[in-house]
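This report describes selected parts of one protein model for a reader who is new to reading structures. Please keep the sequence and the 3D view open while going through it.

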Amino acid sequence: MAMKEEGKAIHVLMVAFAAQGHINPMLRLGKRLVSKGLHVTLATTEIAAHRMFKTSSTTTTTATKSISGIHLEFFSDGFPIDYDRKLDLDHYMDTLGKFGPINLSKLIQNLSHDRVPKFSCIISNPFVPWVADVAAEHRIPCAMLWIQPCTLYAIYYRFYNNLNEFPTLENPDMSVELPGLPLLHAHDLPSFVIPSNPFGSLPKLLSQMFQNMKKLKWVLGNSFQELEKDAIDSMAELCPIKPIGPLVPSTLLGEDQNLDIGIDMWIPEETCMEWLNQQQPSSVIYVSFGSIVVLSAKQMESIAIGLKNSNHPFLWVVKPSDYPKKDGAGELPLGFLEETRGRGLIVQWCPQTKVLAHPAIACFLSHCGWNSTLETIVAGVPIIAFPQWTDQPTNAKLILDVLHVGVRLMPNKDGLLSNEEVERCIEEIIAGPRAEEFKKAAAELKQGAREAVAEGGSSDRNIQLFVDEIIGNSC
Ligand code: UDP
């Protein structure tokens, strides 16, 4: 157990926005800090407790409020539990920004008693920039775990601090040239920096955060040095980011299953694993667009026809939308299920990391959310990228032009996706002239990820340096 000189345990408080894609990387970093002897508490808002204890597959004890050695605490976001938080995101984020700091501050005060070691560091994450202010108020050094690629960190830092030129309303199609990154065309840029996009609460929060980086003592990234070396190096002089990932389930990294930690906000349909067991090796196209994206009826139709015509088996996650949708968005075309019965399986939510690690999987048709991208890289699976918004277009650029592990579905000149394009990409990734190249690059990244997190690897060393600095700081 890491100790200060006088023999007291070092205690770290992590504060996460209550979404699965934010809590899981935090828990996984927490677990690595625990394995290095630190005492870790994760605080998030009460709505997460409500969802976690109802559907979590990881052993959780509500009585002791801990999950695999990490103590859990919950604070109010200012809304009653049964309030529909998706109704108005801007209103929700504004209210969270008002009540979150007050309630987190009270929580820190309540936890500051003799039986609990004082916090030596607070680790925040992106949509809760006010955590750095609460940390300063309590005189606790603050770190941030950036949960998108370091490439995005570099782009946003430069964009929100006006360090480089980005597209404007007058010049919306300009390409962006930044140190350490490939040339970014407008369709490669994160949607939040596109001037024609409506300005909502999420870019506002990012802007606040990137203009206030001085409040942070450390920035940690859910990536690894070998994956994004040039982007990481490009920030070394400006505002360094230390990659400590990939923060994916340990079993995917070939590590001890006991290290596995994570929550599922939805219940996975495990029966798809039996179906995968019956398929040929490297034959199945896995299709999923994550937890938020809902495709238009036309996009759904083109993907459905493309899959049907490809003649490959497929597993497609079609998650019912959390928001009311019209015009058939997010729905399968009529008759598709019957026409492809026996060759395709549709589920509402699957155990994705187990699916990706299954030998029957040939490729992943993905929206390129960063968690999915990292999981696919660690599983060594080639990707068909179909990015929709936020960091996803830039993640697709990374997948294609930096990592060389995938192809991208491009809409035609009218902005529509055709089924021929879907068929072309499936053919290219599975049987095209570069198919072996994709597999080889994916296998190398899988190996690189394992080496980064192993003892003495680049991410392990960065975590150890971080731990040493926290200890040194609190002496
Ligand atoms: N996921 C899952 N089952 C599914 C689809 C997705 O467990 O059927 C998980 C996936 O493993 C990943 C997360 O949901 O960890 C999606 O996160 P990502 O950042 O890729 O996308 P988002 O949902 O935030 O758009």
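Helix α5, residues 150-160, is largely enclosed by the rest of the structure, because 10 of its 11 residues are buried. The model is a predicted one. The buried residues of α5 are Cys150, Thr151, Leu152, Tyr153, Ala154, Ile155, Tyr156, Tyr157, Arg158 and Phe159. Which elements cover the buried residues of α5? Among them are the strands β7 (142-146), β8 (218-221) and β9 (242-243), together with the helices α6 (201-211), α7 (229-234) and α13 (392-402). Just after α5, Asn162 has a positive phi of about 50°.

**Strands β6 and β7**

One of the elements covering α5 is β7, and Cys142 is found in that strand. Is Cys142 buried or exposed? Cys142 has 21 C-beta neighbours inside 10 Å. The cut-off for a buried residue is 20 or more, so Cys142 counts as buried. Leaving aside residues within four places in sequence, Cys142 is in contact with Ile122, Ser124, Val131, Ala132, Ala135, Lys215, Leu216 and Lys217. Cys121 is 21 residues away from Cys142 in sequence, while the C-alpha atoms of the two are 5.7 Å apart in space.

Strand β6, residues 119-124, is mostly covered, with six of its six residues buried. β6 pairs in the parallel sense with strand β1 (residues 11-15) and also with β7. Strand β6, helix α4 (residues 131-137) and strand β7 together make a right-handed β-α-β unit.

The table lists three strand pairs, with a bridge from each.

| Strand pair | Sense | Bridges | One bridge pair |
|---|---|---|---|
| β1 and β6 | parallel | four bridges | Met14 and Ile123 |
| β6 and β7 | parallel | three bridges | Ile122 and Cys142 |
| β10 and β11 | parallel | three bridges | Ile285 and Phe314 |

**The six-stranded sheet**

The last pair in the table belongs to another part of the description. Strands β10 and β11 are members of an open sheet of six strands, which has the order β12-β11-β10-β13-β14-β15 and parallel pairing. Which strands are at the edges? They are β12 (344-347) and β15 (406-408), each of which pairs on one side only. Direction ignored, neighbouring strands of this sheet are turned by 15° against each other on average. Within the sheet, strand β10 covers residues 284-288 and strand β11 covers residues 314-317.

**Helices α9 and α14**

Helix α14 lies across four strands, namely β10, β13 (361-366), β14 (383-385) and β15. Relative to β15, α14 runs at about 170°. An angle over 145 degrees counts as roughly antiparallel.

Helix α14 (residues 419-431) also meets helix α9 (residues 297-310): their axes come within 8 Å and cross at roughly 45°. That angle makes α9 oblique to α14. The crossing of α9 past α14 is right-handed. Where do the two helices meet? On the α9 side the residues are Ser302, Ile303, Ile305, Gly306, Asn309 and Ser310. On the α14 side they are Asn419, Val422, Glu423 and Ile426. An α-helix has 3.6 residues a turn, so residues three or four places apart point the same way.

Conventions
Residues numbered from 1 in each chain as written. Predicted model: local features only at pLDDT ≥ 70, side-chain atom pairs only at ≥ 80, totals over all residues. Buried ≥ 20, exposed ≤ 12 C-beta atoms within 10 Å, placed from the backbone. Contact = placed C-beta atoms within 7 Å. Pairing = 2+ DSSP bridges. Right-handed = clockwise from strand over helix to strand, strands pointing away. Axes fitted to C-alpha atoms, helices over the stretch in contact; angles between N-to-C directions. Parallel < 35°, antiparallel > 145°, perpendicular 65-115°, else oblique. Left-handed = near helix turned anticlockwise from the far one by under 90°.
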